[in-house]
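Please open the model in your viewer and keep the sequence panel beside it. The stops below follow a route of selections, each with a note on what is found there.

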Amino acid sequence: MTPDEALDRLVEGNERYVAGKSTPLDFSEDRAALVSGQNPYACILSCSDSRVSPEFCFDEQRGDLFVARVAGNYLTTDFVATLEYAAAVLHTPLIMVLGHESCGAVRAAINALDKNEQFPGHIQTMASALLPAVRAAKGMPGNRYDNAIKMNVIRNMDKLRKQPPILSKLVADKKLLVVGGVYSLKTGRVELI
């Protein structure tokens, strides 16, 4: 599958989901097929928010998507390695950075910047990691919170495209496409960025 074909499949799955025409899940049938391995056509770097499930919002079965989730859908070394594995070893031709409306992690970063709010444990690390997106959204026309969510997706897409040694080469060779989207909690639609 080419990167563009993978993106088309992802978009078509989201259209089915939005229309309420998702394919029924049959775990007993696909379980046997997945014992021998996996062949995902897309990677999703998604937020951990329980309201956003990539397999559902793209109407896919187990084995179709390679999903890495973290609150705030931002990159760490571990997530870069995870996506490198999918792209280099599993030959997945597409990575989508998937943000969503009302992201609590982005809200925490806004509060950390505006109110100097401090969070317990390692939560502060997450809020700090999202600060560049919040700063980038400052002064943009429109809703700052929504803009920060989009800027977080855009910044992480850019980082992935330039990530040496594996991802940047696959992108340059046109074997990997890195895209972004924002999931609407209200409609279920993923708006491509």
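Begin by selecting Asp-4, which is found in helix H1 (residues 3-18); helices here are DSSP runs of H or I with at least four residues, strands are runs of E with at least two, and both are numbered from the N terminus. This is a predicted model, in which local features need pLDDT of at least 70 and side-chain atom pairs count only at pLDDT 80 or more, while totals for chains, interfaces and linings use all residues. Residues are numbered from 1 along each chain as its sequence is written, and side-chain values use heavy atoms, with hydrogens and water left out.

Asp-4 is exposed, with a relative accessible area of 53%, where buried means under 20% relative accessible area, exposed means over 50% and partly exposed lies in between (1.4 Å probe, protein chains only). Extend the selection to Glu-5, Asp-8, Glu-12 and Glu-15, which together with Asp-4 form a negative surface patch. Such a patch is made of residues with over 30% relative accessible area and no salt bridge, like charges being joined within 9 Å and nonpolar side chains (Val, Leu, Ile, Met, Phe, Trp, Tyr) within 5 Å. Lys and Arg count as positive and Asp and Glu as negative, whereas His and the chain ends are not counted; the place of a charge is taken as NZ of Lys, CZ of Arg, CG of Asp or CD of Glu. The areas come from the Shrake-Rupley method with a 1.4 Å probe, and for residues only the protein chains shown count as cover.

Next, select Arg-9 and Asp-64, whose side chains meet in a salt bridge (3.6 Å, N to O), a term that requires a side-chain nitrogen of Lys or Arg within 4 Å of a carboxyl oxygen of Asp or Glu. This pair links distant parts of the chain, with Arg-9 in helix H1 and Asp-64 in the loop between H3 and strand S2 (65-69), 55 residues apart. Asp-64 is buried at a relative accessible area of 15%, whereas Arg-9 is partly exposed at 30%.

Move to Asp-49, in the loop between strand S1 (42-46) and helix H3 (54-57). Its side chain meets that of Arg-51 in a salt bridge (2.7 Å, N to O); Asp-49 is buried, with a relative accessible area of 15%, and Arg-51 is partly exposed, with 44%. Which residues does Asp-49 contact, leaving aside its neighbours within four places in sequence? They are Arg-69 and His-100, contact meaning heavy atoms within 4.5 Å.

Now select helix H5 (residues 104-114), where the buried residues include Ala-105, Val-106 and Ile-110. The buried residues of H5 pack against helix H6 (123-137) and helix H7 (144-161). Asp-114 and Arg-144 also meet through their side chains in a salt bridge (2.6 Å, N to O), which joins H5 to H7 across 30 residues.

The last stops concern the backbone. Most residues other than glycine have a negative phi, and most peptide bonds are trans. Select Asp-59, in the loop between H3 and S2, which has a positive phi of about 50 degrees although it is not a glycine and is buried at 5% relative accessible area. Asn-73, in the loop between S2 and helix H4 (77-89), likewise has a positive phi, of about 35 degrees, and counts as buried at 2% relative accessibility. Finish at Pro-164 and Pro-165, joined by a cis peptide bond with omega of about -5 degrees; Pro-165 is found in the loop between H7 and helix H8 (166-172).
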